[in-house]
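Open the structure in your viewer and keep the selection tool at hand. The tour goes stop by stop.

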Amino acid sequence: MDIVIYFENGLGIKSSLVIENKVKSLPRYEQLLNYTTSNMEENYLLLSLTKPSFLAKNNKIVIHEHNRDWDYINYFHLSKMLEKILPKIKVKNFYHALIIEDYIHFAKILNDLSEEVYNTAINGKYNFYNKQNKKISLLRTIRMHDFYLKLNHEVLAIEIQNRIQTELSNKVLVQGNRRTNAVDQEVFADSGFTRGSGITEIKYVIGRKLGSPIILGIQIQGIHFRLFIEGKKGFVEKAAYNLLDNNMWFDFSYLSDSILFADKEYPNKPGKQFNSYSEEFYYRSVKLSECKCRDLVDKVLNYVKYIHDERESLIQQINEISIE
């Protein structure tokens, strides 16, 4: 935990405040869940530069598993609180006041950057990895480019979530990515940062096999657009080849020329049709051009709708695979 403040009133009644602080990293529901207990003497506050995608309308975060709430404030609210007490600090220690004043200015700049991404990202272009992008170059000099990339991918994930909820209203959207306990027809929309680039991914649980969920999904990382299947080691590779051979998945024809950098698919080595992670995640990919973010979201939704409409056929095809 980042900060825990302990209190005791005049009657000897104790309580505490748990503060989770997020600046460059994004809030995660699972982390807050892990910190939450049913102890009513514990109170919870998320201080975050970015607004959580799972924030309720009353500015509360509901941890359903414990029926507890987290309060939320952003760094703009923090800067305003510090401004209120700044005159008192100046009286006590002018040097300390100058440091806090500088920090207030910095917090507001970070907040402005965050607000700009939320307000413009989805209406802009997917050009975050273009070497000619001056904003990324400037942010890289102060080591804030990773935050900027994370945030843009978070906005993409939120927009996809909203579209799924609107256009596939009977789907169960789940926060985070609890693959092991995933339930049939759950949909995960998530974002993150790995290997120097942001990532947005959608996972759709089409069924279970050998006690493990079978997941089809779409992943956008850097300039790569991937279609993947995830499942139990030893079986999922067979499932990947089966779906590819029957033209039921790993089909990039939904993507238009305005989105593709080229029509080449990867891997493109003779005798190798898939890349994989830990033999549980098999994928094929194409490279993205500098395209409109809304067009990219539209294409992702096309794939989600395809999985939704063809789920029974897809799982039937997978069930026909022999298990040795």
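The structure holds 15 salt bridges. Keep in mind that this is a predicted model.

**Stop 1: a pair within one helix**

Select K80 and E83. They form a salt bridge, with the closest N and O atoms 3.1 Å apart. Both sit in helix 2 (residues 75-92), and because they are three residues apart there, about one helical turn separates them. Colour by accessibility next. E83 is partly exposed, at a relative accessible area of 30%. K80 also counts as partly exposed, at 37%.

**Stop 2: pairs across the chain**

Select K125 and E290. Their closest N and O atoms are 4.0 Å apart, and they form a salt bridge. This pair links distant parts of the chain, 165 residues apart: K125 is in strand 6 (residues 125-126), and E290 is in the loop between strand 13 and strand 14 (291-292). K125 is partly exposed at 45% relative accessible area. E290 is partly exposed at 38%.

Now select K203 and E230. Here the salt bridge has its closest N and O atoms 2.8 Å apart. K203 belongs to strand 9 (residues 197-209) and E230 to strand 11, 27 residues apart. Are these two buried or exposed? K203 is buried, with a relative accessible area of 5%. E230 is buried as well, with 9%. Before moving on, select R163, E167, D298 and K305, which are joined into one network by salt bridges that share partners.

**Stop 3: strand 13 and its neighbours**

Select residues 281-287. This is strand 13, and six of its seven residues are buried. Add strand 11 (residues 224-230), which pairs with strand 13 in the antiparallel sense over seven bridges. Which residue of strand 13 is the bridge partner of I229? The partner is Y282.

Add strand 12. Strand 12 and strand 13 pair in the antiparallel sense over three bridges. Y277 stands opposite F281 in strand 13. The hairpin of these two strands has three residues between them, and S278 in this hairpin takes a positive phi near 50°.

**Stop 4: aromatic rings**

How many aromatic pairs does a search of the whole structure find? The search finds 18. Start with F128 and Y129. Their ring centres are 6.5 Å apart and their planes are at 65°, so this pair is edge-to-face. F128 counts as buried, at 5% relative accessibility. Y129 is partly exposed, at 22%.

Go on to F274 and Y282. They form an edge-to-face pair, 6.3 Å centre to centre with 80° between the planes. Both residues are buried. Widen the selection to F225, Y241, W249, F250, Y254, F274, Y282, Y303 and Y306: ring pairs link them into a cluster.

One ring has a charged visitor. Select R226 and Y283. R226 lies over the face of Y283, 5.1 Å from the ring centre.

**Stop 5: out to the surface**

Select I3, I5 and F7. They form a nonpolar patch on the surface, with about 250 Å² of accessible area together. I5 is found in strand 1 (residues 3-8). I5 is partly exposed, with a relative accessible area of 34%.

Finish at D257. This residue lies in the loop between helix 6 (236-245) and strand 12 (275-277). D257 is exposed, with a relative accessible area of 72%. Draw a distance to G124: the two C-alpha atoms are separated by 18 Å, and the residues are 133 apart along the chain.

Notes: Residues numbered from 1 in each chain as written. Predicted model: local features only at pLDDT ≥ 70, side-chain atom pairs only at ≥ 80, totals over all residues. Heavy atoms only, no water. Helix = DSSP H or I, 4+ residues; strand = E, 2+ residues; numbered from the N terminus. Buried < 20%, exposed > 50% of the residue type's maximum accessible area, 1.4 Å probe, protein only. Phe/Tyr/Trp six-rings, centres within 6.5 Å; stacked < 30°, edge-to-face > 60°. Lys NZ or Arg CZ within 6 Å of the ring centre and 35° of its normal. Patch = residues over 30% accessible without salt bridge, like charges linked within 9 Å, V, L, I, M, F, W, Y side chains within 5 Å. Areas by Shrake-Rupley, 256 points an atom, 1.4 Å probe, with all protein chains shown as cover. Salt bridge = Lys/Arg side-chain N within 4 Å of Asp/Glu carboxyl O. Pairing = 2+ DSSP bridges.
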